[in-house]
Structure formats: structure tokens, C-alpha cells
Amino acid sequence: MIKKIFAKYKKYIIFSSILIIFIILLITGLSVNNTKIIIINNYNFEPNEIEITEGVRVVWVNLDIEPHNANPENDNQEKISLIPRNAGPLQTFSYKFTEKGEYRYYCTIHPYMKGKITVYSK
Ligand SMILES: [Cu+2]
């Protein structure tokens, strides 16, 4: 029965699958330019050093079962009031960097977790 239906609509199924894949590629391709993803995995920011241009949004995705956050290492660095809230397991937080500079951050819960983001002007 299912085979029969599949045979009947084969063309449409293949066509719509290709269309869906194309749309997904289009959406991810567009957002990749303006978004950088940092995975938090096993008490590490991966990658822990990135270089971006102004206007890029950095998204941290926490894959650990522990909560993590990312806060500026230097309190005088008033440019970033960076991500003050904790991210629980499988949660994300994000920050859009609009000013060039070097941003060092760490997790206040696990201070040995460190990262650096270098933002260049456009
Ligand atoms: Cu942490």
C-alpha cells in the first residue's frame, strides 16, 4: 500500500525534498554570515578564540549538563556587558558585537573556562 502511494507520488516527494533541502541551505547560508556559533562542550568554549567583524552575533550553545555563562574578564572593559545570564544545558545565549576590540571572557561558575573574541571593523 505504502509502496503504491510512494510510486504514485514519487516525483512530488523527490521534488519537495529537494525544495526543503534548498530552503534549509538558503536559510543557514544567510545566517552563517552574520552569526558565529560557539559550542560549550565538556567545560570548554569551542572554538575558544574567534575573529569576527562588527555586527556579527555570537551564539553560545551549551551542550553540557552544567550551566555556563560568559562574562567579560576585565570589569573596566565597559564595552561589553556580555551575556550576564546563565545558560543551562542545551540552552543558548547570544550577543551582537557592534564595536571593534578584543573581548576576553570567562565562565563565572568555572573560571578556568576562557575565550577570546576579536572584533574587527567592517
Ligand atoms: Cu561554566
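Student: Which residue in β2 is the bridge partner of I40?

Tutor: F45 in β2 is the bridge partner of I40. Before going on, note that this is a predicted model: local features need pLDDT of at least 70, side-chain atom pairs count only at pLDDT 80 or more, and totals for chains, interfaces and linings use all residues. Residues are numbered from 1 along each chain as its sequence is written.

Student: Why are β1 and β2 called paired?

Tutor: Two strands pair if DSSP finds at least two bridges between them. β1 and β2 are joined by 2 bridges, so they meet that minimum. They run antiparallel.

Student: What makes β2 a strand?

Tutor: Helices (H or I, at least four residues) and strands (E, at least two) are DSSP runs, numbered from the N terminus. β2 spans 45-46, so it satisfies the strand minimum.

Student: How many helices and strands does the protein chain have?

Tutor: The protein chain has 1 helix and 8 strands. Along the sequence they read α-β-β-β-β-β-β-β-β.

Student: Which sheet holds β2, and what makes it an edge strand?

Tutor: β2 belongs to an open sheet of 4 strands, in the order β2-β1-β4-β6, with mixed pairing. β2 and β6 (92-97) are edges because each has a single partner strand, leaving one side of each without a neighbour in the sheet.

Student: What is the strand order of the other open sheet?

Tutor: That sheet also has 4 strands and mixed pairing, in the order β3-β8-β7-β5. Its edges are β3 (49-53) and β5 (71-72), because each has a single partner strand and one side without a neighbour in the sheet.

Student: In which sense do β7 and β8 pair, and how do you know that they pair?

Tutor: Strand β7 (residues 101-106) and strand β8 (residues 114-120) pair in the antiparallel sense. They share 6 bridges, so the pairing rule is met. Y106 has K114 as its bridge partner in β8. Y105 stands opposite G115 in β8.

Student: Which way do β3 and β8 run, parallel or antiparallel?

Tutor: β3 and β8 run parallel, joined by 5 bridges. One bridge partner pair is T53 and Y120, the latter in β8.

Student: Why is W60 called buried?

Tutor: A residue is buried if 20 or more other C-beta atoms lie within 10 Å of its own, exposed if 12 or fewer, and partly exposed in between; C-beta atoms are placed from the backbone. W60 has 23 other C-beta atoms within 10 Å, so it is buried. W60 sits in strand β4. Its C-alpha atom is 5.8 Å from that of I39, 21 residues apart along the chain.

Student: Why is N42 called exposed?

Tutor: N42 has 9 C-beta neighbours inside 10 Å, so it counts as exposed. N42 lies in the loop between β1 and β2. Its phi is near 50°, positive in a residue other than glycine.

Student: What makes Y43 partly exposed?

Tutor: Y43 has 13 other C-beta atoms within 10 Å, so it falls in the partly exposed range. Y43 is also in the loop between β1 and β2. It has a positive phi of about 60°, although it is not a glycine.

Student: Where does P47 lie?

Tutor: P47 lies in the loop between β2 and β3. The peptide bond from E46 to P47 is cis, with omega near -5°.

Student: How many residues are in the largest nonpolar core, and what makes it a core?

Tutor: A nonpolar core is a set of buried Ala, Val, Leu, Ile, Met, Phe, Trp, Tyr and Cys residues joined through C-beta atoms within 7 Å. The largest has 14 residues, and V58, W60, F97 and I117 have the most contacts inside it. β1 (35-40), β4 (56-62), β7 and β8 each supply at least two residues. β4 gives the most, with 3 residues.

Student: Which residues is V58 in contact with, beyond its neighbours within four places in sequence?

Tutor: Contact means that the C-beta atoms of two residues, placed from the backbone, lie within 7 Å. Beyond those neighbours, V58 is in contact with K36, I38, I52, S94, Y95, F97 and I117. With the same neighbours left aside, the contacts of W60 include I38, A70 and F93.

Student: Which residues of β8 point to the buried face?

Tutor: G115, I117 and V119 point to one face and are buried. K114, K116, T118 and Y120 point to the other and are not. In a regular strand the side chains alternate between the two faces of the sheet.
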